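Here are a few short exercises to work through with the model open next to you. Try each one before you read its solution.

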Amino acid sequence: MFSNILIYFVVIPLVMMLGLFLCRNIKQIRAVAVVGSVALTALSVWLLIDYLALRADGVSDPMLWVDSWQWFAPLNIHLAVGVDGISIAMLILTGIILITGSFASWEIPQPKEFFLWLILLSTGVYGFFISIDLFTMFMFYEVALIPMYLLIGVWGSGNKNYSAMKLTLMLMGGSAFLMLGLIGIYYHSAPEGQPLTWNILEIAKNDAISHGWQTFLFPMTFVGFGVLGAMFPFHTWSPDGHASAPTAVSMLHAGVLMKLGGYGCFRVAIYLMPQAANELAWIFLILTGISVVYGAFSACVQNDLKYINAYSSVSHCGLVLFAILMLNTTAMTGAIMQMLSHGLMTALFFALIGMIYGRTHTRDIREMGGMMQILPYLSVCYVIAGMASLGLPGLSGFVAEMTIFVGSFQHSDMFHRVFVIVACSSIVTTAVYILRVVGKLLYGPVYDEHHLTLTDAKWWERLSTATLIVCVAAIGFFPNFFIDLIKFTFSPEIFTVIGLN
């Protein structure tokens, strides 16, 4: 089993948890968290280098490093793994946010218990991205969701118990829909007389799910994953959950966990049920279009920094699902770019908000002002994050959103083009709330004279934020590298979604 490199994305977090359990002081706990996170990121980078080399050599398999070990024979459940360019991009994103989140939580209370639950959450995320067996994927999906309740309920702030319970109940409700959809896919995964399978590649190859069953199962799976992707009207858990979560949890939750929703919609709902995707996409385009606009307008009227960023995440993640439903290569490429871009910049936002809150003890922008002269480093970082969010050229947001809008506008019918124009309006709204926050928070007179005694970022905070800024700029300046990484997934040889062009 351990001959396959992908297994180490689950083994290393488990070893980290064992190491954390044996730690006796804060220095050991920090060392385990940082060293393990760096090891996972290094492993994903090595995987990227090898992946690009194999593709350059002409290897055209849909997934690489594919392997399978039988787990439960009566239901043909396997621990099946494999990755493509999209999976590798998500693995790298997870590693980067786990490292920066560890530094952002340098002084968290009860660090051993906190990092144990945080690493368990990351185990589920890594396992989800490497799984190609639907049952195993769902298992890791649940492993990633369950720790959120304790991470928010114990280490959160504000109305944390309510937020933790609301998040858990809504996401578990989405999981119920998802489970029913996956079971339905399993029982229609192969032609009559052949053994049923959970393997995504085998199900796609068999093409045995009838049109009628696709129409019935597609909404279940899309809604099941869409709840985690904060799709309207199932988004209400997100603002409360983000507002109450501790910094690293907000970073990992918005930066990576919400991406499981978009990834699952693409990898399962659309890939396995393309006919239903073509016929029913218009329904979910309406819902995701509402998410894009509603999230942006809601952010405009918030005064809490975390709620502003949470509603911004609803808008940006809605844009991911919106682009996926366009079912063409350009828009889908933009969706993956948006997943990477939003993951990095929202992690940067939440890291900065946590650092500012730790100093001022408030997140209300009406109670802050003149931070540029008090906390110049953190303020400049916040401006950069804001510019990425509103789509400034040279940063990741511009590349991702332009690719989405150009790809979406390829549809010539009035329905699609009207919704593309509506979605484009979110750019203007985003600029409104970003510039409003920057003006109130960073400029103008100092609101509280006690804020004049605050100190700027410490070395671990600078390291965390600088890493994220470099990554945001890298996507903005070198978009072709990331496009080349994911474009093979959409090639006609391996991606057979009806209507994809």
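**Exercise 1.** Work out which secondary structure elements the protein has and how its radius of gyration fits the globule rule.

*Solution.* Start with the elements: this predicted model holds 21 helices and two strands. Next, take the radius of gyration, which is 22 Å, and set it beside the 23 Å that the globule rule gives for 501 residues; the two are close, so the protein is as compact as a globular protein of that length. For the outline, put a box along the principal axes: the C-alpha atoms fill roughly 75 × 60 × 45 Å.

**Exercise 2.** Find what share of the residues is buried, and what supplies the exposed surface.

*Solution.* Using under 20% relative accessible area as the cut-off for buried, 62% of the 501 residues qualify. Then turn to the outside: about 18,100 Å² is exposed, with 68% of that coming from carbon and sulfur atoms. Finally, look at the contacts with a separation of 6 or more: 79% of them are between residues 24 or more positions apart.

**Exercise 3.** Locate the mean positions of the charges and say how far apart they are.

*Solution.* Count 20 positive and 25 negative charges, then average each set; the mean positions lie 11 Å apart.

**Exercise 4.** Count the disulfides, then check Cys 471.

*Solution.* A pair of cysteine sulfur atoms has to be within 2.5 Å, and the count comes to zero disulfides. Cys 471 shows this: its nearest cysteine sulfur belongs to Cys 381, 13 Å away. As for accessibility, Cys 471 counts as buried at 16%, and Cys 23 counts as buried at 4%.

Technical notes: Residues numbered from 1 in each chain as written. Predicted model: local features only at pLDDT ≥ 70, side-chain atom pairs only at ≥ 80, totals over all residues. Heavy atoms only, no water. Helix = DSSP H or I, 4+ residues; strand = E, 2+ residues; numbered from the N terminus. Rg over C-alpha atoms; globule rule 2.2 N^0.38 Å. Buried < 20%, exposed > 50% of the residue type's maximum accessible area, 1.4 Å probe, protein only. Contact = heavy atoms within 4.5 Å. Areas by Shrake-Rupley, 256 points an atom, 1.4 Å probe, with all protein chains shown as cover. Lys, Arg positive; Asp, Glu negative; His and termini not counted. Charge placed at Lys NZ, Arg CZ, Asp CG, Glu CD.
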